[in-house]
Amino acid sequence: MHDIRLIRDNPEGFDAALAKRGLAPMSSQILAIDESRRAKITAAETALADRNAASKQVGAAKAKGDEAEFERLRALVADKKAEIATLEEEAKAEDLRLQDLLATIPNLPHDDVPLGADENDNVELRKWGTPKSFDFKPKEHFELAAVQGGMDFEMAAKLSGSRFVVMSGAVARVHRALAQFMIDTHTSENGLTEVNTPVLVRDDAMMGTGQLPKFAEDSYQTTNGWWLIPTSEVTLTNLAAGEMMDEASLPRRYTAHSLCFRSEAGSAGRDTSGMLRQHQFEKVEMVSVTRPEDSLSELDRMTKCAEGILERLELPYRTVVLCTGDIGFGARKTHDIEVWLPGQDTYREISSCSVCGDFQARRMNARFKRTGEKKPEFVHTLNGSGLAVGRCLIAVLENGQQEDGSVRLPEALHPWLGGKTMITADGVMA
RNA sequence: GGAGACGUGGCCGAGUGGUCGAAGGCGCUCCCCUGCUAAGGGAGUAGACGGGUUGAACCGUCUCGAGGGUUCGAAUCCCUUCGUCUCCGCCA
């Protein structure tokens with residue numbers, strides 16, 4: 001949600017920022033509505049002020065026993081009333097028009113975000129690790145001997161359809177260990193607070209983080225109106241909704257391991273093999289709530305937290321800044337972390353960390369007061385994956401694969417595997 | 001699913017037709033006093049929107065969950081709705 005006053009103050013800047021995202025200018029349309037809205041408000045308020053003044057005199061006239069004056073004022077008030085009703089209605093309608101329009105406009109990119117049209121214009125920030133060279137042609141995760149029994153897509157199709165998986169045995173165990181490892185690392189080393197939230201939420205929550213009203217088709221909804229969260233960014237960020245926070249309580253840093261649900265509308269035919277893109281998956285999410293001046297440095301901190309997980313798992317990755325044409329609806333700046341997948345011979349997204357500025361905070365009315373100050377200000381919010389568990393499993397399997405089809409598991413993970421170090425070609429933990 | 005209660009400012013909590021944007025307390029800010037195992041005294045302290053200045057003052061409007069109604073006038077009465085809690089039922 002945008003601050004209408006900023007648009008009023010600098011419509012050219014607003015349009016220029018939209019243009020960076022490849023969008024047509026909107027300020028003149030917005031300001032036209034805003035102007036008519038304000039005119040209606042002023043008219044309605046003037047009428048109200050008149051009525052209030054007359055209304056006050058009514059009491060006085062009555063007290064004085066001046067019946068004629070009493071009746072005159074009464075009629076006047078009744079008159080005003082009708083006038084007010086229409087004016088207020090018009091004002092409200094204009095306001096609603098404005099809100100509805102603003103709610104569909106994406107956030108403006110931060111100044112240092114590289115210009116670009118699509119993902120091809122993203123800029124690499126850094127690379128970590130060297131993709132291992134194999135003496136054989138590395139396989140994709142679902143082709144590995146070690147995985148054959150433990151990742152059953154046909155069984156899942158029987159239960160649920162495509163884009164689901166049934167994991168069992170060693171694969172399920174490693175998947176679970178990864179999630180535990182991530183959460184434990186974030187809480188004990190990165191200073192994040194573990195939270196466990198609902199996965200079913202109301203409209204308001206989805207509106208607050210920006211999934212609604214524009215992207216309803218990307219998520220699932222229950223028959224009684226709840227939404228299945230596409231990410232726990234929704235619940236973690238909305239913890240701040242409607243809150244008035246003390247400056248001293250910022251930054252707030254949360255992490256959660258949750259199920260996520262996405263309809264994957266529009267991605268038909270993409271990544272249909274394996275468990276890279278599922279309707280239901282697990283993710284460890286990070287969310288920060290900060291003062292405005294701290295949010296950009298917090299993005300770097302958050303990105304490092306995610307990268308740290310990959311480094312400890314010895315998985316090569318690269319970090320890119322998304323260009324203006326590729327950043328998401330609510331983001332001002334986004335770092336994507338892409339992990340090396342030898343089976344695909346490429347880097348694939350495993351984390352996305354974004355700073356949203358006050359965009360979400362404004363939508364959900366999340367504010368704080370500076371110590372000694374009276375004016376509330378909107379907080380800034382950030383979210384990032386730390387990491388997508390299923391994709392991380394894929395990366396661990398593909399990067400650790402041996403020629404015989406077994407998989408060596410990263411040392412950092414061993415404590416979460418009861419000391420086991422590999423999955424044999426027979427699919428057994430050893 | 002059935003029955004009932006409740007929804008007030010950063011928080012707690014009074015307030016049942018006008019003098020209420022709202023007592024009191026907590027918290028916070030500033031000032032004073034006093035000093036020793038920290039306390040006492042005083043003052044201030046809601047938000048949004050519009051106008052106006054243009055990072056002010058000031059003026060107006062609205063807001064006591066939300067929306068509507070009654071009334072000259074509503075936090076206070078009525079209706080609708082959302083939410084929370086309690087008890088019962090059902091289930092993990």
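A polar contact is taken here as a pair of N or O atoms within 3.5 Å. In the predicted model described below, the side chain of Arg8 places an N or O atom 2.9 Å from a phosphate oxygen of RNA strand B, and this pair therefore falls within the 3.5 Å limit for a polar contact. A second phosphate oxygen contact involves Lys375, a polar side-chain atom of which lies 3.2 Å from a phosphate oxygen of RNA strand B. Glu45, by contrast, addresses a base, with an N or O atom of its side chain 3.0 Å from a base nitrogen of RNA strand B.

These pairs belong to a surface of 22 residues around RNA strand B, of which Arg8, Arg38, Glu45, Arg74 and Lys92 come nearest. Among the atoms of RNA strand B that lie within 4 Å of the protein, 87% belong to sugar or phosphate, and the rest belong to bases. By class, the residues of this surface comprise 12 charged, seven nonpolar and three polar. At least two residues of the surface are supplied by each of H1, helix H3 (27–64) and helix H4 (67–103), and H3 gives the most, with 10 residues.

Helix H1 also takes part in the second largest pocket, to whose lining it gives two or more residues, as do helix H2 (11–20) and helix H10 (359–364). The space in this pocket amounts to about 400 Å³, and its lining is made up of 22 residues, with His2, Leu6, Phe14, Leu108 and Arg332 lying nearest the centre. The largest share of the lining, four residues, is contributed by H2. In terms of residue class, the lining of the second largest pocket divides into nine nonpolar, seven polar and six charged residues.

Turning to enclosed space, a search of the whole structure returns one cavity of 30 Å³ or more, and the volume of the largest cavity is about 30 Å³. Leu192, Met286, Val287, Ser288, Glu298, Arg301, Met302 and Cys305 form the lining of the largest cavity, which by class has five nonpolar, two charged and one polar residue. Strand S10 (280–290) and H9 each provide at least two of the lining residues, with the largest share, four residues, coming from H9.

Helix H9, which spans residues 295–312, contains 18 residues and extends 26 Å from its first C-alpha to its last, close to the 26 Å expected at 1.5 Å a residue. The buried residues of H9 are Ser295, Glu298, Leu299, Met302, Thr303, Cys305, Ala306, Glu307, Ile309 and Leu310; of these, Glu298, Met302 and Cys305 are also found in the lining of the largest cavity. Helix H11 (residues 389–399) is mostly covered, with 11 of its 11 residues buried, and the buried set includes the charged residues Arg391 and Glu398 as well as Asn399.

Just after H9, the backbone at Glu314 adopts a positive phi of about 60°, a positive value in a residue other than glycine. Glu314 is located in the loop between H9 and strand S11 (317–321), and its relative accessible area of 49% makes it partly exposed. A further positive phi, near 50°, is found at Asp271, likewise a residue other than glycine. Asp271 sits in the loop between strand S9 (252–261) and S10. With a relative accessible area of 19%, Asp271 is classed as buried, because buried means under 20%.

Two cis peptide bonds can be described in addition. One joins Leu212 and Pro213, with omega of about 5°, and Pro213 is found in the loop between helix H7 (203–209) and strand S6 (220–221). The other joins Gly386 and Leu387, with omega of about 15°, and Leu387 is part of strand S16 (residues 380–388).

Definitions and conventions:
Residues numbered from 1 in each chain as written. Chains lettered and ligands numbered in written order. Predicted model: local features only at pLDDT ≥ 70, side-chain atom pairs only at ≥ 80, totals over all residues. Heavy atoms only, no water. Expected span 1.5 Å × (residues − 1). Buried < 20%, exposed > 50% of the residue type's maximum accessible area, 1.4 Å probe, protein only. 1 Å grid on protein atoms, 1.4 Å probe; cavity = no way out; pocket = protein on both sides within 12 Å on 5 of 7 lines; lining within 4 Å. Points joined across faces, edges and corners; volume = space filled by probe spheres on them. Near = heavy atom within 4 Å. Polar contact = N/O pair within 3.5 Å; in protein donor to acceptor, adjacent residues only side chain to side chain.
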